[in-house]
Amino acid sequence: MLWAFRLLVVAVVIENSNTETLLRQLFNQTYDVDMKPSDDLTMVTITPNTFILLSMDQTQETIQYSEEFLLKWFDPILSWNRSAVAYDKEWVKIEASRVWLPDVIITNSISIDELLDKDLQMADLRYNGEIRTSLPAVVSSPCPLRIENFPYDVQKCNISMGSWSFDRDFVAVNSSVDVLWPQKGRIEGNSEWELLSITMVRSDNYDTLMESWFSEVTYIVTLKRKPVYYVLVIQAPTFILCTITIFGLFTPNTFNLRFPVFQVELCLNMFAAISMMLQLVSDMMPKASRLPLLGLFHFLFEPLPSSSSRKLHNRRSVRRHRGNDSCHSHSASPPSCAHKLRRFVLCDCRRRRNSVSEVSTTSSVEVPEQAIQSFTILKTSLHQTAILVRDTLQRMSSVSENQLLWLKILDKTDLLCLFLFQMANVVVTVIYWR
């Protein structure tokens, strides 16, 4: 057991000695980490290893994400012949500060917080001069938003990478992949945004000040918003409030709500509730020039059935109360078009009253002329009184029938308007509730 441990220690010492010998040969006094090793073109290949969206500041229109981009390039000076050295492995791990690093960064970043200090960064060196290193960091980048379809919007954010100081004649960048798809734990969004894909596009830029072209690659990050929060907190409650308002106005048994004061209170309460719900997300949204889809739904389309139904119902309620007031005076007769409306809504015809036939009686009994004159005067007086009573009863019966007629017409119209406005409410919600 002791001899096996000694052999292991000797092997480690020999391996370390061979590594140190190789590194001393490679990094001699002529190698300068601050100078580009060759005047030829250096091609840097970028491979996105991880991309995790952390947050999106929609008011500032920026995204924050954790990333690790792998960089690969060739250094012609740092190569060796494997048969000529004692080091027999293909790769050797070195400190990144000992080699020349191309200044490839995220050119459109706002801030970069590196996860590792430069003194702790390592690089892999291959025998043919290939170098690999990584740039793990938390980055903030601008992401202009288009919120016309909010909360069902899809946003595209650009991540541009390239050399900061070398033009494309000295340092060029390329991507090893064209499209990246979501992968659990490596390429993904967050709780609010779903990552659809990351697409690579070549985007060389011309610098007018330096009069030269710079090589860049742009990764287009496509994000889709998850609308569950906005549907449950705003759209669904607004639809319920509008439904309650329509049912409260047009349900025939809710007589108290037929007065304009109660109608106004009901509509104002609905608008106040909608405003309170919109206040929850107003601070989260950018100030866009166009009203988003959610704003159109809540400010224009959704209150329209409630406001128009309240106005229509208020006109009929005023008409009804005028009819009720007139029943105490003279007449509550419907207008001329009421009979057509009655036939259309009630689908029946008014019954005609049977005319009252007067029955005349004769007497064969002979009485004195003075008694006949007195009886004629009394009969005339009673006849006039009977006519007056009959006309009064007929007028009261007509007023009562007109009131019942209006009640039937308006109740049936209430049910019809309830169906129509509720269907409009459902259609508008389905159109904007994808």
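Is Glu 130 buried or exposed? Glu 130 is buried, with a relative accessible area of 7%, even though its side chain meets that of Arg 126 in a salt bridge. Keep in mind that this is a predicted model. Here's a quick tour of the salt bridges, an open sheet and two surface patches.

**Salt bridges**

- Searching the whole structure turns up eight salt bridges.
- One of them brings Asp 124 and Lys 93 together at 2.6 Å, N to O. That pair links distant parts of the chain, with Asp 124 sitting in strand β6 (residues 122–126) and Lys 93 in strand β3 (residues 91–95), 31 residues apart.
- The two partners have rather unlike surroundings: Asp 124 counts as buried at 18% relative accessibility, whereas Lys 93 is exposed at 53%.
- Arg 202 and Asp 204 also meet through their side chains, at 3.5 Å, N to O. Arg 202 is partly exposed at 42%, and so is Asp 204, at 27%.
- Shared partners tie Glu 90, Arg 126 and Glu 130 into one salt-bridge network.
- Within that network, the Glu 130 to Arg 126 contact comes in at 3.5 Å, N to O. Arg 126 is partly exposed, with a relative accessible area of 23%, while Glu 130 is buried.

**The open sheet**

- Five strands make up an open sheet with antiparallel pairing, in the order β4-β8-β15-β12-β10. Its edges are β4 (104–106) and β10 (179–180), each of which pairs on one side only.
- Strand β15 (residues 216–225) is mostly covered, with eight of its ten residues buried.
- On one flank, β15 pairs with β8 (residues 154–163) over nine antiparallel bridges, and Cys 157 stands opposite Val 221 of β15.
- Nine bridges also join β15 to β12, again antiparallel; here Ser 197 faces Thr 222 in β15.
- Out at the β10 edge, two bridges connect that strand to β12 (residues 193–202), running antiparallel. Leu 180 stands opposite Ile 198 in β12.

**Surface patches**

- Glu 95, Asp 113, Glu 114, Asp 117 and Asp 119 form a negative patch on the surface. Asp 113 lies in strand β5 (residues 111–114) and is partly exposed, at 46% relative accessible area.
- There's also a nonpolar surface patch of about 570 Å², made by Leu 416, Phe 419, Leu 420, Met 423, Val 427 and Ile 431.
- Val 427 belongs to helix α7 (residues 369–432), and counts as partly exposed at 41% relative accessibility.

Terms used: Residues numbered from 1 in each chain as written. Predicted model: local features only at pLDDT ≥ 70, side-chain atom pairs only at ≥ 80, totals over all residues. Heavy atoms only, no water. Patch = residues over 30% accessible without salt bridge, like charges linked within 9 Å, V, L, I, M, F, W, Y side chains within 5 Å. Areas by Shrake-Rupley, 256 points an atom, 1.4 Å probe, with all protein chains shown as cover. Salt bridge = Lys/Arg side-chain N within 4 Å of Asp/Glu carboxyl O. Lys, Arg positive; Asp, Glu negative; His and termini not counted. Charge placed at Lys NZ, Arg CZ, Asp CG, Glu CD. Helix = DSSP H or I, 4+ residues; strand = E, 2+ residues; numbered from the N terminus. Buried < 20%, exposed > 50% of the residue type's maximum accessible area, 1.4 Å probe, protein only. Pairing = 2+ DSSP bridges.
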